[in-house]
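Reader: Hi! Could you walk me through this one? I'd like to start with a helix and then see where we end up.

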Amino acid sequence: MSSDTAKRAAAAAAIEYLGEEPVVGFGTGSTVNHLIELLAAEVDSGRRSLPAAVSSSQRTTALLLDGGFAVLDLNDVPQLAIYVDGADEFEPGLALTKGGGAALTGEKIVATAAQTFICIVDDSKRVDVLGGFPLPVEVIPMAHASVARQLRDLGGDPKLRQGLITEYGNVIFDVHGLRIVDPLTIELEIEAMPGVVTCGIFAQRRADLVLMGSDTGVREFR
Ligand code: 5RP
């Protein structure tokens, strides 16, 4: 099974958890793109009704609108039951790293607002310790040199993602060489650096359920 087929299998499994929720939060990335496509197809074939959506990024919003979803402003949604998103890595405690697609800030905002966070991944994303995938950190441009120094003090090697400005006007560092044994502490430490907007560790708001697609089917981690 290719990684893409495994992602699609995980996305299909997530649909079972959506029930008839009137509003669903959507993350960003190729796995979520499968979810949007599969859900729109289910609606087209009359198997379910279309939920309204809260989106984590401009890219996801464009896809949702193409699929016929109504996209709501998070500020107008008093209660969001479910958020579904991919990840770059997940560990046994269901802490994640995210932001490979540069949408970490919107993703963290919507994930934190949701009662339940379902993470959909292929099996290449499963690790014992986070950090093999360089950790994305979104930073206000005027602070990039001082944040880089502080990230080096933590033992990381921050590389500025070239040619990228986020939808909030910021830059992203991909921090290599961190072995994130205590995700919650490192997340809090990085987010306390002045100028850091979002750290790509999702430990304060970790996943409640991970659906991992692989050759042998979809496995659940809680
Ligand atoms: C985007 C993300 C994505 O969830 C993460 O990069 C996984 O992407 P994909 O589903 O394409 O493997 O955090 O900012």
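Author: Happy to. Just after α1, Gly 19 takes a positive phi of about 50°. Keep in mind that this is a predicted model.

Reader: And the helix before Gly 19, what should α1 span, and what is the distance between its end C-alpha atoms?

Author: Helix α1 covers residues 3-18, and its 16 residues at 1.5 Å each should span 22 Å. The end C-alpha atoms are 23 Å apart, which agrees.

Reader: Nice. Which residues of α1 are buried?

Author: Ala 6, Lys 7, Ala 10, Ala 11, Ala 13, Ala 14, Ile 15 and Leu 18 are buried.

Reader: What covers them?

Author: The cover includes two elements that follow in sequence order, β1 (23-26) and α2 (30-44), along with β4 (80-85), β7 (114-122), β13 (209-214) and β14 (217-221).

Reader: Let's zoom in on Ala 10. Why does it count as buried?

Author: Ala 10 has a relative accessible area of 0%, and buried means under 20%, so Ala 10 qualifies.

Reader: Which residues does Ala 10 contact, leaving aside neighbours within four places in sequence?

Author: Ile 120, Val 121, Leu 211, Gly 213 and Val 218. As for Val 218, its C-alpha is 6.1 Å from that of Ala 10, although the two are 208 residues apart in sequence.

Reader: Switching to the ligand: which residues come nearest?

Author: Of the 17 residues around the ligand, those are Ser 30, Thr 31, Asp 88, Gly 99 and Lys 125. By class, the shell has three nonpolar, eight polar and six charged residues.

Reader: What about Lys 7 from the helix, how far is its side chain from a ligand oxygen?

Author: An N or O atom in the Lys 7 side chain is 2.9 Å from an oxygen atom of the ligand. For Thr 31, the corresponding distance is 2.5 Å, and a polar side-chain atom of Glu 107 lies 3.1 Å from a ligand oxygen.

Reader: How much of the ligand does the protein bury?

Author: The protein buries 91% of the 380 Å² that the ligand exposes when taken alone.

Reader: One last stop: where is Thr 28, and is it buried or exposed?

Author: Thr 28 sits in the loop between β1 and α2. Thr 28 is buried, with a relative accessible area of 10%.

Reader: Which side chain does Thr 28 make a polar contact with?

Author: Its side chain pairs with that of Thr 60, at 3.2 Å. Beyond four places in sequence, Thr 28 also touches residues including Ser 56, Arg 59, Asp 85 and Glu 107.

Definitions and conventions
Residues are numbered from 1 along each chain as its sequence is written. This is a predicted model: local features need pLDDT of at least 70, side-chain atom pairs count only at pLDDT 80 or more; totals for chains, interfaces and linings use all residues. Side-chain values use heavy atoms; hydrogens and water are left out. Helices (H or I, at least four residues) and strands (E, at least two) are DSSP runs, numbered from the N terminus. The expected span of a helix is 1.5 Å times one less than its number of residues. Buried means under 20% relative accessible area, exposed over 50%, partly exposed in between (1.4 Å probe, protein chains only). Contact means heavy atoms within 4.5 Å. A residue is near a molecule or strand if one of its heavy atoms lies within 4 Å of it. A polar contact is a pair of N or O atoms within 3.5 Å; within protein, one must be able to donate a hydrogen and the other to accept it, and residues adjacent in sequence count only if both atoms are side-chain atoms. Accessible areas come from the Shrake-Rupley method with a 1.4 Å probe; for residues, only the protein chains shown count as cover. Ala, Val, Leu, Ile, Met, Phe, Trp, Tyr, Cys and Pro count as nonpolar, Asp, Glu, Lys and Arg as charged, and the others, Gly among them, as polar.
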